[in-house]
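Let's take a walk through this model, starting with how its strands sit beside one another. Have a look at the picture first, then read on.

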Amino acid sequence: QVQLVESGGGLVQAGDSLRLSCTASGRTSSMYGMAWFRQSPGSEREFVAALGIGLSITHYADSVKGRFTISRDNSKNTAYLQMNSLKPEDTAVYYCAASGRPTYFTNNRTPGIYDYWGQGTQVTVSS
């Protein structure tokens, strides 16, 4: 089992920055990759970014490419999502996820391949 705890959400204005953190505990050696998803009311959970544990290859949704950066501090078992130039449409609950499946490498944008999820942290961007 892997436990994930997110932090760092809040209320900001358009153009501001925020950094989300996701600390993993438990059987972290079993993880192939970590990702961030987001979900706004009435919408499906949406892929934001993913990071492989071994090769550290990153993937981003087109809507956040160039503005968001996913990274990981292995010594702290913590993943980060640096969000710059935030827009009102970035408003959502952001979830950290971890996958213990090799299918992470071929399908890391699909929520179903992630075994572990954090509780979510609210990000609100005002115009």
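## Strands side by side

First, a bit of vocabulary: two strands pair if DSSP finds at least two bridges between them. This is a predicted model, and in it β1 and β3 are joined by six bridges and run antiparallel. You can pick out one opposite couple there: V2 faces G26 in β3.

That pairing belongs to a wider picture. Four strands make an open sheet, and their order is β1-β3-β8-β7, with antiparallel pairing. At the edges you'll find β1 and β7, each with a single partner strand, so one side of each has no neighbour in the sheet. From one strand to the next, the twist averages 20°. As a general point, strands of a sheet pair through backbone hydrogen bonds, either parallel or antiparallel.

## Getting to know β8

Now for β8, which covers residues 78–83. It's mostly covered up: five of its six residues are buried. On one side, six bridges tie β3 to β8, and the two run antiparallel. Within that pairing, C22 has A79 of β8 as its bridge partner.

Six bridges also join β7 to β8, again antiparallel. Here R72 stands opposite A79, and S71 stands opposite Y80. The two strands β7 and β8 form a hairpin with four residues between them. In that turn, N77 has a positive phi of about 50°.

## Two faces of β7

Which side chains of β7 are buried, and which are not? F68, I70 and R72 point to one face and are buried, while T69, S71 and D73 point to the other and are not. In general, side chains in a regular strand alternate between the two faces of the sheet.

## A closer look at Y80

Is Y80 buried or exposed? Y80 counts as buried because its relative accessibility is 12%, and the cut-off for that label is under 20%.

Setting aside neighbours within four places in sequence, Y80 touches R19, L20, S21, W36, T69, I70, S71 and D73. Sequence distance can be a poor guide to distance in space here: Y80 and T23 are 57 residues apart along the chain, yet their C-alpha atoms are 8.8 Å apart.

## The one disulfide

How many disulfides does the structure hold? There is one, and it joins C22 to C96, with 2.0 Å from S to S. The pair links distant parts of the chain, with C22 in strand β3 and C96 in strand β9, 74 residues apart. Both cysteines, C22 and C96, are buried.

The link between C22 and C96 is left-handed, with -75° about the S-S bond. For anyone new to the term, a disulfide is a covalent bond between the sulfur atoms of two cysteines.

## The nonpolar core

Finally, the inside. The largest nonpolar core has 38 residues, and those with the most contacts inside it are L4, M34, W36, L81, M83 and Y94. Many strands chip in: β1, β3, β4, β5, β7, β8, β9 and β11 each supply at least two residues of this core.

Take L4 from that list. Leaving out neighbours within four places in sequence, L4 is in contact with residues including M34, A24, A97, Y116 and W117. Both disulfide cysteines, C22 and C96, are also among the contacts of L4.

Technical notes: Residues are numbered from 1 along each chain as its sequence is written. This is a predicted model: local features need pLDDT of at least 70, side-chain atom pairs count only at pLDDT 80 or more; totals for chains, interfaces and linings use all residues. Side-chain values use heavy atoms; hydrogens and water are left out. Buried means under 20% relative accessible area, exposed over 50%, partly exposed in between (1.4 Å probe, protein chains only). Contact means heavy atoms within 4.5 Å. A nonpolar core is a set of buried Ala, Val, Leu, Ile, Met, Phe, Trp, Tyr and Cys residues joined through side-chain atoms within 4.5 Å. A disulfide is a pair of cysteine sulfur atoms within 2.5 Å. Axes are lines fitted to C-alpha atoms, for helices over the stretch in contact, and angles run from 0 to 180 degrees between N-to-C directions.
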